[in-house]
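I opened my notebook with a plain aim: to look up how the parts of this chain meet, and what else holds my attention on the way. Here are my entries.

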Amino acid sequence: MTDTAHLTLQEREADLDAAQLKQLVGLVEYDADSDPFPVTGWDAIVFVSGNATQSAQYYQNVWGMELIAYSGPENGNRDHKSFVLKSGSIKFVINGAVDPGSPLVEHHRKHGDGVIDIALEVPDVDKCVARARSAGAVVVREPEDLCDEHGTVRIASIGTYGDTVHTLVDRSKYDGVHLPGYQPATSTLVRREGQPKRLFQALDHVVGNVELGKMDEWVTFYNKVMGFVNMAEFIGDDIATDYSALMSKVVANGNHRVKFPLNEPAEAKRKSQIDEYLEFYRGPGAQHLAVATGDILATVDALRANGVEFLDTPDSYYEDPELRARIGKVRVPVEELQSRGILVDRDEDGYLLQIFTKPLGDRPTVFFELIERHGSLGFGKGNFKALFEAIEREQDRRGNL
Ligand SMILES: [Fe+2]
């Protein structure tokens, strides 16, 4: 059985087909029947926010997401507010404490705004949990059924790096808008005229930052516990600058919908950007979310107009003859990329366009990447040096280099 033809409900609802997804996020064919921990795709990315009410408005106003569901004191959840937002096939859930005794308060005190849960859709929760347990993973939440008038969701959670978890969700017997306990919600927001219907269509990858010496342990975790395969591998000099360096390895589920690059700091003259993250997040956690768009130029223009700040790319990057030779012909003139600070990378399969935001919260931790793939299944390895030099200029301005 090949898997790419099998779309998740969220993907079908977003009017995406297999060919579009293959282009957007680089899907590959694979045999799900022989997978000990089959993962269908992303379910949702769950954030903790110091003010979920305002963060949910930010993601709607600025990032063009759509409010679809809500849980809070008005419908029996006295602990916290939870806003479910959607863009294309991906859902963000923004949680913020209402009760001062909520566990979210302590999570936020320690980590600040960040990702608490990278939830995945799976066809068989119990099979995955049994596999995870036998491979030594921590089961944070035992499998259980959540029911309401829309049906039943089977759900469980396993722990990953730091205080981050993977909730595993089988929603094949459920037709409600998110989960039992949530009610459908809409907002009065009116989209600005001329603004694209959505600014991104899918989630491409989520990067985890882990401590020095721990990267291989987490690669093994994803291999052994979740049956993920290793993708590209970049080590040492590839992504070192004079001051900061990191090591990075990438694991992916069978169909490559779910891709997790894992970073650890490497020895360098000064503090690495990964160390800065680990210090301010108080431990390992999700560093950046890469969202896929079919038109990165229009998306960047819209986001800039909405006030989003991106990392600057030096003009020297675009004027470098080596770069021009390496990237060859892309769909727009290089000047169009230069005026927006969009990076370009090419490998044997094709090319990709990408750009990174500055950190979205108060701490120098979580940020976003926009990615437009044209065949390349990579992550912008050729851009790492240019990118890190840009990150380091920002780190230096914060006094953390
Ligand atoms: Fe990335």
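**Entry 1: the interface**

I began with the buried area (the accessible area, with a 1.4 Å probe, that two parts lose on being put together, summed over both): domain 1 and domain 2 bury about 3,000 Å² between them, and 68% of it falls on carbon and sulfur atoms. On the side of domain 1, Trp42, Trp63 and Tyr161 supply 26% of the area buried against domain 2, more than any other three residues. I note that this is a predicted model, in which local features need pLDDT of at least 70, side-chain atom pairs count only at pLDDT 80 or more, and totals for chains, interfaces and linings use all residues. Residues are numbered from 1 along each chain as its sequence is written, and side-chain values use heavy atoms, with hydrogens and water left out.

**Entry 2: the two domains**

I took the bounds, 32–184 for domain 1 and 202–398 for domain 2, from an automatic or database domain assignment. Their C-alpha centres lie 25 Å apart. Counting contacts (heavy atoms within 4.5 Å), I find 37 residues of domain 1 touching 41 residues of domain 2.

**Entry 3: charges**

How many salt bridges cross the interface of domain 1 and domain 2? With the rule of a side-chain nitrogen of Lys or Arg within 4 Å of a carboxyl oxygen of Asp or Glu, I get 0 across this interface. Searching the whole structure gives 19. I looked up Arg154 and Asp126, a salt bridge whose closest N and O atoms are 2.9 Å apart. Arg154 lies in strand E7 and Asp126 in helix H5, so the pair ties together parts 28 residues apart in sequence. For the elements I use DSSP runs, numbered from the N terminus: helices (H or I) of at least four residues and strands (E) of at least two.

**Entry 4: the iron ion**

Which residues are the protein donors of the iron ion? I find His205 (NE2), His288 (NE2) and Glu369 (OE), lying 2.0 to 2.2 Å from the ion. His205 sits in strand E10 (residues 202–209) and His288 in strand E14 (residues 285–292), 83 residues apart. Donors here are N, O and S atoms within 2.8 Å of the metal (3.2 Å for Na, K and Ca); water is not among the atoms, so sites may look incomplete.
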